[in-house]
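Me: I have a structure to go through with you. I want the reasoning behind each label, kept short.

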Protein chains: 2
Amino acid sequence: MVGPQGPLTPQRIVATSRALLVEGGPPAVVVREVARRLGVTAPALYRHVAGRDDLLTLLITACHDELTEACEAALQAAPPDPELRLRAATWAFRSWALAHRTEFGLLYGTPIVGYSAPAQGPTLRSGRRFGQLFGGLFVDLQRAGRLRSPGGAALGAALSADLRAAAERLGLPLRPGEVHTFVVGYHRMLGIVSVEVSGHLSWALADSEPFVRGQLEELLDDLLLPRPASAPGV
Amino acid sequence: MVGPQGPLTPQRIVATSRALLVEGGPPAVVVREVARRLGVTAPALYRHVAGRDDLLTLLITACHDELTEACEAALQAAPPDPELRLRAATWAFRSWALAHRTEFGLLYGTPIVGYSAPAQGPTLRSGRRFGQLFGGLFVDLQRAGRLRSPGGAALGAALSADLRAAAERLGLPLRPGEVHTFVVGYHRMLGIVSVEVSGHLSWALADSEPFVRGQLEELLDDLLLPRPASAPGV
DNA sequence: GCCCCCTTGTGAACGGTGTTCACGCAGTCT
DNA sequence: AGACTGCGTGAACACCGTTCACAAGGGGGC
């Protein structure tokens with residue numbers, strides 16, 4: 001027999017798992033319950049999915065892709081100015097995170113121990129895809145002369161070498177100081193949003209919105225050079 | 001019969017749970033296994049602990065206390081200068097986090113859904129205790145005239161009111177702009193350390209140490225006013 | 001001394017989980 | 001027609017959290 005809504009496509013499996021995730025967090029995404037909601041018994045799921053870990057991998061990949069696509073959609077709607085594009089992507093990232101707290105926790109929270117992400121697997125792939133989206137924005141900023149960058153000497157030899165290797169690995173045509181600005185942007189944005197989403201700020205602030213808005217604006221100020229007077233701005 | 005190392009004290013229970021946590025993450029702290037390692041059957045544990053949630057609460061509280069005590073120890077070894085004290089506490093925080101990644105994830109990572117922290121419970125208490133430790137450092141900085149602070153007007157009315165309420169609630173004799181600096185310090189430090197500990201930086205950097213060191217130094221620079229020339233420095 | 005009670009342990013049990021396995025049923029290809 | 005394959009089933013195993021009735025032991029009151 002087949003489930004009430006048709007065959008067991010990966011899409012239906014992921015959608016059902018995600019509904020459970022949102023309802024009760026990672027512990028609630030339970031093989032037997034996913035099967036139940038699909039109108040099927042648990043062993044049937046094992047024809048399509050290797051096990052619970054695989055289910056979570058599928059879920060992580062799908063959510064990461066959705067987050068990346070949300071940022072890409074914001075970029076397509078944004079004007080060509082690189083500062084505005086970075087701003088748009090940053091806000092899209094935070095908006096998605098706030099609108100999907102549980103999923104965001106799965107992506108960027110404490111890694112689920114006991115769950116082993118397959119090495120070289122789709123988890124890392126989608127993470128890298130997302131990193132490259134932001135990396136491209138910083139390349140655009142550098143080309144427009146808007147990217148602040150510390151002198152290479154200020155970073156120290158070890159960090160400079162590490163950053164140079166990262167640029168190589170990611171295929172970013174940036175100097176170490178510029179890669180540093182990119183990593184700072186990614187790192188601080190992720191920190192700001194993570195702490196907000198996880199609620200570890202609520203003891204201090206009833207409404208995190210204006211605070212986080214200010215923090216992200218300050219971050220952008222730290223990353224960007226002011227618009228040059230020679231080129232008339234927006 | 002009694003366990004191989006004596007009676008079932010809370011200390012032994014917590015220590016055993018923590019060993020399991022470190023070995024395999026939160027899913028590995030399993031009532032039956034804790035009991036086994038204590039040389040006892042599972043129902044015996046229920047004489048001392050209400051259940052698995054209670055076990056986790058005990059664990060969170062113990063770890064939070066240990067983290068706070070690590071910071072307090074660093075403060076006791078630090079000179080009286082408030083900048084150096086903040087620096088010492090910050091580094092103690094990060095050091096503890098790096099040395100106890102799993103425990104840190106339990107404290108400041110994605111909240112464990114399905115686990116409901118008891119309202120008004122010890123989890124919140126120890127969190128507040130930690131917040132007040134750092135709060136005191138910022139009060140000292142303000143008294144020494146070393147605390148950078150934005151004008152109240154730059155924050156906006158809603159945020160200012162929220163910050164004023166937070167100062168009241170936490171008993172900190174600080175103006176909204178100064179509370180803002182405190183929250184920024186806490187928030188950014190937590191973000192920097194969280195992202196480092198969770199490993200979400202490893203795609204970019206092989207060695208996060210020099211990068212994070214620089215980020216924390218920059219954060220301190222953003223929080224502090226330069227040492228006034230009138231008062232001779234260290 | 002005796003009895004009672006309270007603490008703390010035990011084994012058995014219930015319902016839940018992830019996962020595997022032998023089986024069966026429907027199609028599809030030869 | 002017959003065989004093979006894809007996909008689902010029920011039963012089973014081991015494990016989990018939790019509860020229950022029960023027993024062994026020590027301490028206090030008569």
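Me: What makes the pair between B:R32 and a base nitrogen of DNA strand C a polar contact?
Reply: This is a predicted model. A polar contact needs two N or O atoms within 3.5 Å. A polar side-chain atom of B:R32 lies 3.3 Å from the base nitrogen of DNA strand C. The pair therefore qualifies.

Me: How do you know that A:R32 makes a polar contact with a base of DNA strand C?
Reply: An N or O atom of the A:R32 side chain is 2.3 Å from a base nitrogen of DNA strand C. The cut-off is 3.5 Å, so the pair counts.

Me: Which part of DNA strand C does B:H48 reach?
Reply: A phosphate oxygen, 2.7 Å from a polar side-chain atom of B:H48. That is within 3.5 Å, so this too is a polar contact.

Me: Which residues come nearest to DNA strand C?
Reply: A:V31, A:R32, A:Y46, B:T41 and B:R47, out of 19 around the strand. Sugar and phosphate make up 47% of the strand C atoms that come within 4 Å of the protein.

Me: Which element gives the most to that surface?
Reply: α2(A), with three residues. By class, the surface residues are ten nonpolar, three polar and six charged.

Me: Why is the relation between chain A and chain B called a two-fold axis?
Reply: A turn of 180° and a shift of 0.0 Å along the axis lay chain A on chain B, with an RMSD of 0.1 Å. That is the relation of a two-fold axis. In chain A, the C-alpha of A:G191 is nearest the axis, at 1.9 Å.

Me: How do you know that the copies meet through the same surface?
Reply: Of the interface residues of chain A, 100% are also interface residues in chain B, so the surface is the same.

Definitions and conventions
Residues are numbered from 1 along each chain as its sequence is written. Chains are lettered from A and ligands numbered from 1 in the order in which they are written. This is a predicted model: local features need pLDDT of at least 70, side-chain atom pairs count only at pLDDT 80 or more; totals for chains, interfaces and linings use all residues. Side-chain values use heavy atoms; hydrogens and water are left out. A residue is near a molecule or strand if one of its heavy atoms lies within 4 Å of it. A polar contact is a pair of N or O atoms within 3.5 Å; within protein, one must be able to donate a hydrogen and the other to accept it, and residues adjacent in sequence count only if both atoms are side-chain atoms. Helices (H or I, at least four residues) and strands (E, at least two) are DSSP runs, numbered from the N terminus. Ala, Val, Leu, Ile, Met, Phe, Trp, Tyr, Cys and Pro count as nonpolar, Asp, Glu, Lys and Arg as charged, and the others, Gly among them, as polar. Copies are superposed by least squares on the C-alpha atoms of residues with pLDDT of at least 70 in both. Contact means heavy atoms within 4.5 Å.
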